[in-house]
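This briefing goes through a structure with the sequence and the 3D view at hand. Keep both open while reading.

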Amino acid sequence: MEHKEPHMTDLESSLKTHARSLMESLECGNFSGAIEVIHDLNKARDQGLYHEVGKLTRELHNSIVNFQVDLSGSHAAEVSEISDASERLNYVVRMTEKAANRTMDLVEESAPLVNEIGSESRALSADWARFMRREVGADEFRELAKRIESFLEQSDRDSSKLSAHLNDILLAQDFQDLTGQVIKRVTSMVTEVEQNLLKLVCMASQIDRYTGIQHDHDELRAEQKQQKEPSRGEGPQIHADKREDVVSGQVDVDDLLSSLGF
Amino acid sequence: MKILIVDDFSTMRRIIKNLLRDLGFTNTAEADDGVTALPMLQSGSFDFLVTDWNMPGMTGIDLLRAVRADERLKQLPVLMVTAEAKRDQIIEAAQAGVNGYVVKPFTAQVLKEKIDKIFERVNG
């Protein structure tokens, strides 16, 4: 039994030597020797396999540590990077939702003020025009003067309210800075995870090489295709302008629908 | 005119509700996916349905199919307002019997145009 852990190259050279001695044994008619060589071959292959599995396990462990995924559950207080990322993205959802609602609240509060100023100024303009044409009597003029005075006061109050609302709408956009930072961090984490996953895939392919496992890539792809459910929806398309199968705006949608007879 | 707005995001429902109010449609109700929307439609004498596509539970396309399969609802005008922008999906919605299709992000003008067009056709 060899104790030295064979390297990739060690295994390969050992396979070559064994193959040669197997041929020699067979040519000499030394069958028991040949069987022994086959046995040694198996041993060498197994050892290479054990070595690779061992390496894979170690690297897997390192990768898990890199991911900071808490598998043991004993460090419940320590948040893993993945669940931390989910937390951060939830924060983005909360912040954007809050900002959208705050903005809509302010718009909904502002709209009636603007409408009121508009309708009252239209009504006053009409009466003012009548006054300029000398169609307004003294009593009615006193009434008109009172309405103008209260309109001016009201406009002053409403315009300060509106300007405060506009300011608040501006301030409600401050989420962009915070969520932008959070998303950038999560993006860099995802890239890191992707690189680690890629390493795992490379390791797994080495194992495949040693064990001679062959994957049917076409079948895998077909399986993946089947798993996609088009009716679930895909969400917003990010590179709509670069893709043929995606519309790039409402004009495209209308063209497509009218080509279908809509 | 009673309109049901179906979207899983409350902010989007609110935007659509506000735009509809500006267009003079004040009688609106909201649902957050097809599962809650369908029974509302079945019991609630709605005249118009505005729905998103991508929602948990029942999607908008499945809701559209359920509406078209329901004897009492199959004439209901349906406007899809969605981020789904694949040609295949738009064709799928058209084949399922959608009356209009608006891709997000959209403008108040586009929403108004599509609604006007739908009612022109329904009334004409």
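A residue is called buried if 20 or more other C-beta atoms lie within 10 Å of its own, and exposed if 12 or fewer do. The model shown here is predicted. The points below start with one helix of chain B, then turn to its core, to its contact with chain A, and to chain A itself.

**Helix α2 of chain B**

- Helix α2 of chain B spans residues 34-43, and its buried residues are Gly34(B), Ala37(B) and Leu41(B).
- Viewed down the axis of α2(B), these buried residues fall within an arc of 60°, so they line one face of the helix.
- Pro39(B) and Ser43(B) are exposed residues on the face of α2(B) turned away from the buried side.
- The cover over the buried residues of α2(B) includes three strands of chain B, namely β1 (2-6), β2 (27-31) and β3 (48-51), and also the helix α3 (60-69).
- Ser45(B), just after α2(B), has a positive phi of about 40°.

**The nonpolar core**

- The largest nonpolar core has 35 residues, and those touching the most other members are Leu4(B), Leu49(B), Val50(B) and Met80(B).
- Setting aside residues up to four places away in sequence, Leu4(B) touches Ala29(B), Ala31(B), Ala37(B), Met40(B), Leu41(B), Phe46(B) and Leu49(B).
- Two of these partners, Ala37(B) and Leu41(B), are among the buried residues of α2(B).

**Ile115 in helix α5 of chain B**

- Ile115(B) sits in helix α5 of chain B, which covers residues 108-123.
- Is Ile115(B) buried or exposed? Ile115(B) counts as buried because it has 22 C-beta neighbours inside 10 Å.
- Apart from neighbours within four places in sequence, Ile115(B) is in contact with Leu23(B) and Leu79(B).
- Val78(B) is 37 residues from Ile115(B) along the chain, and the two C-alpha atoms are separated by 9.6 Å.

**Where chain B touches chain A**

- The contact takes 23 residues from chain B and 23 residues from chain A.
- On the side of chain B, the elements giving two or more residues are α1 (10-22), α3, α4 (87-96) and β5 (100-103).
- Among these elements, α4(B) gives the most, with 6 residues.
- By type, the chain B side divides into 12 nonpolar, 5 polar and 6 charged residues.

**Chain A**

- Chain A has 7 helices and 0 strands.
- Of its 262 residues, 4% count as buried.
- Among contacts in chain A between residues at least 6 apart in sequence, 65% join residues at least 24 apart.

Technical notes: Residues are numbered from 1 along each chain as its sequence is written. Chains are lettered from A and ligands numbered from 1 in the order in which they are written. This is a predicted model: local features need pLDDT of at least 70, side-chain atom pairs count only at pLDDT 80 or more; totals for chains, interfaces and linings use all residues. Helices (H or I, at least four residues) and strands (E, at least two) are DSSP runs, numbered from the N terminus. The arc is that of the directions from the helix axis to the C-beta atoms. Two residues are in contact if their C-beta atoms, placed from the backbone, lie within 7 Å. Ala, Val, Leu, Ile, Met, Phe, Trp, Tyr, Cys and Pro count as nonpolar, Asp, Glu, Lys and Arg as charged, and the others, Gly among them, as polar. A nonpolar core is a set of buried Ala, Val, Leu, Ile, Met, Phe, Trp, Tyr and Cys residues joined through C-beta atoms within 7 Å.
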